[in-house]
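Student: Hey, do you have a minute to walk me through this model? I'd like to get a feel for how the chain is put together.

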Amino acid sequence: LTGCPIRVRVLEVERFTSTTKVLSPRVYTIELTHAEFTWKVKRKYKHFQELHRELLRYKAFIRIPIPTRRHTVRRQTVKRAEARQMPSLPRTSENMVREDHLSSRRKQLEDYLTNLLKMPLYKNYHGTMEFLGVSQLSFIHDLGPKGMWLVVKDSFLLYMKPDSGAISFVLLVDKEFSIKIGKETETKYGLRIDNLSRSLILKCNSYRHALWWGQGIEEFIQKNGKNFLKHHRFGSYAAIQENTLAKWYVNAKGYF
């Protein structure tokens with residue numbers, strides 16, 4: 001949304017246990033706020049490094065005087081100071097950061113993202129958008145809290161194609177709504193969502209990602225759609241709604 005800054009907070013650091021002697025990488029939970037939209041993403045330090053390297057390449061590319069109209073216009077719209085300056089990413093390796101220094105590490109990464117997002121050149125870059133978990137569907141009010149390609153509402157979730165906005169799958173929240181992770185999903189790293197009549201299987205990169213997706217959807221539904229998870233009279237999936245703008249007509253009597 002034009003004119004609205006993005007506020008960044010690195011909330012916590014997780015390190016999952018591993019069966020090997022090699023320490024598993026830390027995972028940072030990042031909370032982002034843009035206007036009335038708030039969402040969280042989880043990133044490892046290597047993801048920060050990958051983004052930083054990609055932005056450095058983009059910065060070098062912008063400075064090359066390629067003789068095309070599109071590139072020339074892009075170079076002219078970039079502020080010189082912005083093209084020269086770029087926030088510094090902490091260089092200390094993750095394995096060298098002690099547990100008692102994690103609060104300082106969180107603050108460094110938080111400052112890095114905050115300063116980066118103040119610069120339109122880097123904020124609007126597609127790699128930054130991907131890092132933040134943002135798409136062209138993210139800030140549409142009618143889709144609720146930061147809708148993405150999987151839109152989750154209080155009474156349903158739908159699978160949408162981000163490029164065209166076409167809806168390809170809808171699953172209602174009802175009394176049999178459930179989320180399964182693991183062997184029951186029929187995939188190696190999967191997430192299975194069921195209701196009374198349909199099933200949706202999402203394939204993830206790892207068990208941890210499937211767990212994050214499952215927990216996120218479950219928390220949202222329990223908070224916003226718990227009325228649809230209960231048994232209701234006459235077998236309806238929806239609860240009784242008071243003071244609604246609706247009226248019953250028998251054989252259209254009284255309508256005409």
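Tutor: Happy to; we can go from the overall make-up to the cores, the salt bridges and a few backbone details. Keep in mind that this is a predicted model.

Student: Good to know. How many helices and strands does the chain come to?

Tutor: There are seven helices and nine strands.

Student: And what share of the residues is buried?

Tutor: Of the 256 residues in the chain, 36% are buried. As for the surface, the chain exposes about 17,200 Å², and 52% of that comes from carbon and sulfur atoms.

Student: What about contacts across the sequence, how many join residues at least 24 apart?

Tutor: If you take the contacts between residues at least 6 apart in sequence, 49% join residues at least 24 apart.

Student: OK, on to the inside. Which residues touch the most other members in the largest nonpolar core?

Tutor: Those are Ile-30, Leu-32, Phe-48, Leu-55 and Tyr-112, in a core of 30 residues. Several elements give two or more residues to this core, including strand 1 (6–14), strand 2 (27–34), strand 3 (37–44), helix 1 (45–62) and helix 4 (102–116).

Student: Which element gives the largest share?

Tutor: Helix 1 does, with six residues.

Student: You mentioned Tyr-112. What does Tyr-112 touch?

Tutor: Leaving out residues up to four places away in sequence, Tyr-112 touches Phe-48, His-52, Leu-55, Met-86, Pro-87, Ser-88 and Leu-89. Apart from the largest core lies another core, of 15 residues, and Phe-169, Leu-191, Ile-221 and Phe-228 are among them.

Student: Phe-48 keeps turning up. Which aromatic pair does Phe-48 form, and what are the angle and distance?

Tutor: The structure has three aromatic pairs. Phe-48 and Phe-131 form an edge-to-face pair, 5.1 Å centre to centre with 70 degrees between the planes. Phe-48 lies in helix 1 and Phe-131 in helix 6, so this pair ties together parts that are 83 residues apart in sequence.

Student: Are those two rings buried or exposed?

Tutor: Both Phe-48 and Phe-131 are buried. Ring pairs also bring in Tyr-28, so that Tyr-28, Phe-48 and Phe-131 are linked into a cluster.

Student: Switching to charges: how many salt bridges does the structure hold?

Tutor: It holds 10 salt bridges. One of them joins Arg-9 and Glu-31, with the closest N and O atoms 3.0 Å apart.

Student: Why would I care about where those two sit?

Tutor: Arg-9 lies in strand 1 and Glu-31 in strand 2, so the pair ties together parts that are 22 residues apart in sequence. Arg-9 is partly exposed at 36% relative accessible area, while Glu-31 counts as buried at 14%.

Student: Is the partner of Asp-194 buried or partly exposed?

Tutor: Asp-194 forms a salt bridge with Lys-180, the closest N and O atoms being 3.2 Å apart. Asp-194 is in strand 8 (residues 190–194) and Lys-180 in strand 7 (residues 178–181), 14 residues apart. Lys-180 is partly exposed, with a relative accessible area of 24%, and Asp-194 is buried, at 8%.

Student: What about a network of salt bridges, which residues are linked?

Tutor: Arg-26, Glu-94, Glu-99 and Arg-105 are linked that way.

Student: Now the backbone. Which residue in the loop between strand 7 and strand 8 should I look at?

Tutor: Try Glu-186, which is found in that loop. Most residues other than glycine have a negative phi. Glu-186, though not a glycine, has a positive phi of about 70 degrees. Glu-186 is exposed, with a relative accessible area of 66%, and its side chain meets that of Arg-192 in a salt bridge (3.8 Å, N to O).

Student: And in the loop between strand 2 and strand 3?

Tutor: Ala-35 lies there, with a positive phi of about 55 degrees although it is not a glycine. Ala-35 counts as partly exposed, at 34% relative accessibility.

Student: Last one: which residues form a nonpolar patch on the surface?

Tutor: Ile-167, Val-170, Leu-172 and Tyr-237 do, with about 350 Å² of accessible area together. Val-170 is found in strand 6 (residues 167–172) and is partly exposed, with a relative accessible area of 35%.

Methods. Residues numbered from 1 in each chain as written. Predicted model: local features only at pLDDT ≥ 70, side-chain atom pairs only at ≥ 80, totals over all residues. Heavy atoms only, no water. Core = buried A, V, L, I, M, F, W, Y, C linked by side-chain atoms within 4.5 Å. Buried < 20%, exposed > 50% of the residue type's maximum accessible area, 1.4 Å probe, protein only. Helix = DSSP H or I, 4+ residues; strand = E, 2+ residues; numbered from the N terminus. Contact = heavy atoms within 4.5 Å. Patch = residues over 30% accessible without salt bridge, like charges linked within 9 Å, V, L, I, M, F, W, Y side chains within 5 Å. Areas by Shrake-Rupley, 256 points an atom, 1.4 Å probe, with all protein chains shown as cover. Salt bridge = Lys/Arg side-chain N within 4 Å of Asp/Glu carboxyl O. Phe/Tyr/Trp six-rings, centres within 6.5 Å; stacked < 30°, edge-to-face > 60°.
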